Amino acid sequence: MITVPFHHDLDVVQVFLRFSRAVALLVCAVALVVLAGWWWDRPLLVTIWPGQAAMTANAAIGFVLSGSSLLLSQNPAPWWSGFGRWLSLAALAIGAVTLLEYLWMMDPGIDHLFAGPPAWWSGRWPGRMTEPVAVGFVLLGGLGALPLVRRWLYLREGLAIGLLVISMSGLASYGIALVGKSGMPFGRMPIHTSLLMLLATLGWLCATPTLGLTRVATADTLGGALARRLLLPALLLPAVFAFVFELLQSWLGLSETLAFVLLALFSGGAVAGLVWWVANLFDELERQHRKSILLRNDADTDILTGLANRRALDEALASLLRGQREHDAMFSLLMLDLDRFKSFNDDFGHLVGDQVLRITGQLLRAALRPSDMAARYGGEEFVLLLPDTDLHGASEVAARLLDAFRGFAWPQRTVTVSIGVAQAAAGETTEDLIRRADTALYDAKHAGRDQAVAAIALPQAVRAETFPHAITGP
């Protein structure tokens, strides 16, 4: 049975990652504004408008910690991402201690983490966050403390779903409060606290766009497009539904507020579930279509990457060499190898390694012309055939590939590639050309990796020579 590879839209993946970083900055900025409001006793900075619930200072500190952790999680340096997890643990601790205050009726001082001079003089402390907000910070801190790898995927998704329930319940309860109702279990959550918690949750989900709940939304299929357009509105629907429905109930003089909120939440969840079902249906149809294509072309295609396999490469290379002998047609060959791929598999597992190979296939296809061929040579090695291309043109392709790998926002850590470049010489055999390119690739590895080396054939010997700065890059 053929397994159809799951393809992601690389542009959408980049948008999700940029959205995650933007959310991290926004959460930190809003929380810092709230802290400034408490420090300088500016009520308008801690509430949306006068008379509404204020975000507590310790909640603002928790959001600064969570937002900073989200921003650091996408840094390729392990030290920074590790420091970010410690920040998430600090946010978790704020929520956990607050819950203990409610359970044990004690006051260890967590509510006074931040208080400006007015609070010192008047004794007016910023207050204690509500129970749902405290639970939310426990979940949010746990979400950020877990590594962004498949091993913790189900636990991270469970925490994210819990956060969505809390934030959406707060928004729905706020809609009820707007029409004059009170006593809602989540009604004491400030609206900007609910919004920041929702944004932070979505930011963490978008930080791993090729895994978990966001996997379908980044697929380059009709299902992915549908999910991207409808899931977020479906999440916001419960708040709008609760407000409108309760407004109508107020006009009619009816009650049973809690029942209507639960109905609103159920309706929103039902719509989101329907959208997700339709998205998966479209995605399945698209993958079935791809499967039918693979059934016709599987003999010449590498299933994992979608590139040509060794058999197709051998046939194409033989055809190009024959064209060179008979018509003096030139072509070049690039041999690529992912740097330190074994250690990547050891650190993140073979499933994540397979995803890197799939992304590599997409990067190679994006960099080539329709007449070029990209093939998986074996393991983490790839070969590119460039018809009607001399050594200089091949060097430009190699430079673009190096920039593409360096500039791509890899979910776990940066992946680089070493490249050997060779132009086919007159009368050269397949084995000789591959050997020259492989030797150049070995020299690129030996010179420090993440660079391209061009093999230049001499009359009596073959030597490898590093190309100019334009190929190797900075």
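The legends below describe an overview and several close-up views of a predicted model.

Residues are numbered from 1 along each chain as its sequence is written. In this predicted model, local features need pLDDT of at least 70 and side-chain atom pairs count only at pLDDT 80 or more, while totals for chains, interfaces and linings use all residues; side-chain values use heavy atoms, with hydrogens and water left out.

**Figure 1. Overview of the chain, with its 15 helices and six strands.** Helices (H or I, at least four residues) and strands (E, at least two) are DSSP runs, numbered from the N terminus. The chain has 474 residues, of which 51% count as buried (buried means under 20% relative accessible area, exposed over 50%, and partly exposed in between, with a 1.4 Å probe and protein chains only). About 22100 Å² of the chain is exposed, and carbon and sulfur atoms supply 64% of this area (Shrake-Rupley method, 1.4 Å probe; for residues, only the protein chains shown count as cover). Among contacts in the chain with a separation of 6 or more, 71% are accounted for by residues 24 or more positions apart (contact means heavy atoms within 4.5 Å).

**Figure 2. Packing of helix α2 (residues 57–73) with helix α3 (residues 78–104).** The two helices pack at an angle of about 155 degrees, and their axes are 8 Å apart. Axes are lines fitted to C-alpha atoms, for helices over the stretch in contact, and angles run from 0 to 180 degrees between N-to-C directions. Helices α2 and α3 are therefore roughly antiparallel to each other (angles over 145 degrees count as roughly antiparallel, under 35 as roughly parallel, 65 to 115 as roughly perpendicular and the rest as oblique). The crossing of α2 and α3 is left-handed, a term for a near helix turned anticlockwise from the far one by less than a right angle, with clockwise being right-handed. On the α2 side, the contact residues are Asn 58, Ile 61, Gly 62, Leu 65, Ser 66, Ser 68, Ser 69, Leu 72 and Ser 73. From α3, the contact includes Trp 80, Phe 83, Arg 85, Leu 87, Ala 91, Ile 94 and Thr 98. The residues of this α2 and α3 contact comprise nine nonpolar, ten polar and one charged. Ala, Val, Leu, Ile, Met, Phe, Trp, Tyr, Cys and Pro count as nonpolar, Asp, Glu, Lys and Arg as charged, and the others, Gly among them, as polar.

**Figure 3. Packing of helix α1 (residues 10–39) with α7.** The axes of α1 and α7 come within 8 Å and cross at roughly 150 degrees. The two helices are therefore roughly antiparallel to each other, and their crossing is left-handed. Helix α1 contributes Phe 16, Leu 17, Phe 19, Ser 20, Val 23, Leu 26, Val 27, Val 30 and Val 34, which meet His 192, Leu 196, Leu 199, Ala 200, Leu 202, Gly 203 and Cys 206 of α7. Of the residues in the α1 and α7 contact, 13 are nonpolar, three polar and none charged.

**Figure 4. Packing of helix α5 (residues 131–145) with helix α7 (residues 191–206).** Here the angle is about 20 degrees and the axes are 11 Å apart. Helices α5 and α7 are therefore roughly parallel to each other, with a left-handed crossing. Val 133, Gly 136, Phe 137, Leu 140, Leu 143 and Gly 144 of α5 make the contact with Thr 193, Met 197, Ala 200 and Trp 204 of α7. Seven nonpolar, three polar and no charged residues form this contact of α5 with α7.

**Figure 5. Surroundings of Thr 201 in helix α7.** Thr 201 counts as buried, at 0% relative accessibility. Neighbours within four places in sequence left aside, Thr 201 is in contact with Ala 160, Leu 163 and Leu 164.

**Figure 6. Surroundings of Leu 336 in strand β1 (residues 331–338).** Leu 336 is buried, with a relative accessible area of 2%. Its C-alpha atom is separated by 5.0 Å from that of Phe 382, 46 residues apart along the chain. Apart from neighbours within four places in sequence, Leu 336 is in contact with Leu 364, Glu 380, Glu 381, Phe 382, Leu 384, Leu 401, Val 417, Ser 418, Ile 419 and Leu 441.

**Figure 7. Two loop residues with positive phi, Asp 328 and Asp 388.** Asp 328 is placed in the loop between α10 (310–327) and β1. Its phi is near 55 degrees, a positive value in a residue other than glycine, and Asp 328 is exposed, with a relative accessible area of 66%. Asp 388 is found in the loop between β3 (381–387) and α13 (391–407). For Asp 388, phi is near 55 degrees, and this residue counts as exposed at 58% relative accessibility.
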